[in-house]
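Student: Could you take me through this structure, please? I would like to begin with the overall form and then turn to particular helices.

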Amino acid sequence: MTGFERGSVAARRLLAPMLSAVLLAGCVVGPDYQMPILPMPANWSSQKPTKSAQPAQLSRWWQRLRDPMLNTLVDEAVAGNLDVATAKAKIREARASYRQSVGTLLPSVDGSGSVTRNKSAVATSGSSGIYSEYQAGFDASWELDLFGANHRGVEAARYGLDASQEELRSTLLTLVGDVASYYAQARGYQARIALARRSAASQRQTAELTRTMAQAGTATAADVAKAMGQASSTEAAVPTLEASFAEAVHRLSVLTGRPPAALSERLKRGASIPTPRLPMPTGIPADILLSRPDVRMAERQYARYTAKIGQAEAARYPSVSLTGDISTAALKLGDLGKNSSIGWSFGPTLSVPVFNAGQLQAAVEVAKAQRDQYFIAYRSSVLTALEDVENALVLLSQERIRIGKLATSAKSYGEAARLEGTLYKAGETSLLDVLDAQRSLYSAEDTLLQSRVLLATNYIALNKALGGGWDGTVDSAKPEIVDVKTGPRLASKLAAQ
């Protein structure tokens with residue numbers, strides 16, 4: 001039998017008991033995770049109970065605001081936002097960690113080789129010999145994982161990967177909501193700027209009429225000053241509104257991953273305030289357990305730390321590892337597989353915790369306390385989600401009522417301002433009555449515009465609270481930085497760069 005054949009037989013003897021030990025690796029310790037069942041209300045408190053509530057329509061909900069520019073900005077934000085890029089990198093990290101954990105379940109094999117130049121001498125004869133020795137071999141090791149420490153590690157890593165994916169969904173939900181909110185605010189500021197300029201122009205016309213009447217002796221210089229003062233006061237609101245509009249545009253630009261002024265030209269031209277289609281179905285409270293990504297992420301973290309208890313518990317039990325090696329040595333490189341000496345070894349290693357001053361038990365208690373914290377965090381996320389929806393429902397419904405009243409108020413003040421203007425031209429009313437009517441009209445119309453913005457933002461908040469986010473494809477596998485020339489190269493070139 002050649003050296004190579006003897007090595008093959010030895011390798012089979014080495015691997016056979018290792019493979020048969022797979023049957024022993026099915027035991028785990030620690031609690032098995034179970035999805036918690038939390039009490040949930042049957043209906044939202046602000047809505048009448050119904051037997052069959054329609055589920056919320058959360059897919060691309062922002063398109064129901066009927067604004068093409070908003071739809072474009074959302075797409076651009078998903079593609080370029082830096083928080084989304086960070087969340088995608090965390091997914092890649094979690095995937096790599098999961099693969100690392102899976103690797104602990106399998107044997108590891110390392111190969112080695114060496115060549116040495118040797119000299120030997122005999123003291124009595126003074127003779128010496130110089131020769132080369134070639135060696136090659138393989139080392140193998142495998143932790144049997146009798147009590148499931150590595151299996152629990154894989155389980156925890158899988159839950160961690162799930163949590164990172166939910167974190168990406170949560171980031172996208174926040175991003176889409178923020179883009180829609182800032183866009184609605186920007187359009188609201190534009191509408192309020194235009195209103196302030198129109199109102200100031202109308203008030204200046206009144207001032208000019210008063211100046212003409214003063215020249216005719218039917219008004220005083222004080223009347224002219226009052227009329228001019230009110231026009232200037234209305235115009236004074238424009239710079240503040242312009243600054244707020246610029247801030248909203250800057251935020252939108254950064255949300256899309258661009259410099260702050262990148263969208264200034266595109267949004268310079270005014271457009272109407274987005275108006276949602278109402279009412280909208282909201283489903284039942286239990287739906288948020290599946291639709292809210294922050295709730296799902298908290299549940300996955302709770303599951304992850306439940307698995308970590310098993311890891312800590314398994315450390316209190318004995319561990320067994322199988323190790324072995326096979327090596328061959330020869331004086332000629334070509335003899336390694338034929339006329340060479342073959343050596344091999346194989347054996348189990350048993351490690352039993354004897355005394356550790358309670359450290360392992362304390363580690364289990366730490367893991368359990370961490371599990372409890374994440375369970376409480378999960379319950380808290382559910383309550384927060386319910387609160388968000390309830391608040392958004394109340395705000396949206398009350399704002400709908402308020403906007404109807406404000407529209408009626410603005411219409412009445414508009415009629416009053418027109419009548420007062422007509423009477424003033426005819427000399428049948430005082431300037432103070434005209435100025436008061438104009439001031440009331442401007443205030444009512446400005447408040448109505450703010451209410452329209454609030455209606456849109458409350459609609460956005462409700463969709464966010466229900467879990468409406470980006471449901472399209474997001475490629476998280478592509479890295480942000482593609483490294484080149486990562487292989488071996490001369491250090492001198494590296495230092496020169």
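Tutor: The discussion below goes from the whole chain to helix contacts and then to unusual backbone positions.

Tutor: This is a predicted model, in which local features need pLDDT of at least 70, side-chain atom pairs count only at pLDDT 80 or more, and totals for chains, interfaces and linings use all residues. Residues are numbered from 1 along each chain as its sequence is written, and side-chain values use heavy atoms, with hydrogens and water left out.

Student: What does the secondary structure of the chain come to?

Tutor: The chain has 11 helices and four strands; helices (H or I, at least four residues) and strands (E, at least two) are DSSP runs, numbered from the N terminus. Its radius of gyration is 38 Å, well over the 23 Å that the globule rule gives for 497 residues, so the chain is more spread out than a compact globule. That radius is taken over C-alpha atoms, and the globule rule is 2.2 Å times the number of residues to the power 0.38.

Student: What box do the C-alpha atoms fill, and how much of the chain is buried?

Tutor: Along the principal axes, the box is roughly 140 × 65 × 40 Å. Of the 497 residues, 37% count as buried; buried means under 20% relative accessible area, exposed over 50%, and partly exposed in between (1.4 Å probe, protein chains only).

Student: Let us turn to H5. How do the axes of H4 and H5 cross?

Tutor: The axes of H4 and H5 come within 8 Å and cross at roughly 170°. Axes are lines fitted to C-alpha atoms, for helices over the stretch in contact, and angles run from 0 to 180 degrees between N-to-C directions. H4 and H5 are therefore roughly antiparallel to each other; angles under 35 degrees count as roughly parallel, over 145 as roughly antiparallel, 65 to 115 as roughly perpendicular and the rest as oblique. The residues of this contact (heavy atoms within 4.5 Å) divide into eight nonpolar, six polar and four charged. Here Ala, Val, Leu, Ile, Met, Phe, Trp, Tyr, Cys and Pro count as nonpolar, Asp, Glu, Lys and Arg as charged, and the others, Gly among them, as polar.

Student: And what about H5 and H10?

Tutor: The axes of H5 (residues 221-235) and H10 (residues 431-466) come within 10 Å and cross at roughly 5°, which makes H5 roughly parallel to H10. Residues meeting there include Lys226 and Gln230 in H5, and Leu435 and Tyr442 in H10.

Student: Which helices do the buried residues of H6 pack against?

Tutor: They pack against H2, H4 and H5. The buried residues of H6 include Leu241, Phe245 and Leu252. Just after H6, Gly257 takes a positive phi of about 85°.

Student: Is H8 largely enclosed or open?

Tutor: In H8, 16 of the 22 residues are buried, so the helix is largely enclosed by the rest of the structure.

Student: Where are the unusual backbone positions?

Tutor: Most residues other than glycine have a negative phi, and most peptide bonds are trans. Arg66, in the loop between H1 and H2, has a positive phi of about 60° and is partly exposed at 46% relative accessibility. Ala357, in the loop between strand S4 and H9, has a positive phi near 55° and counts as exposed at 58%. A cis peptide bond joins Leu278 and Pro279, with omega about -5°; Pro279 is in the loop between H6 and H7.
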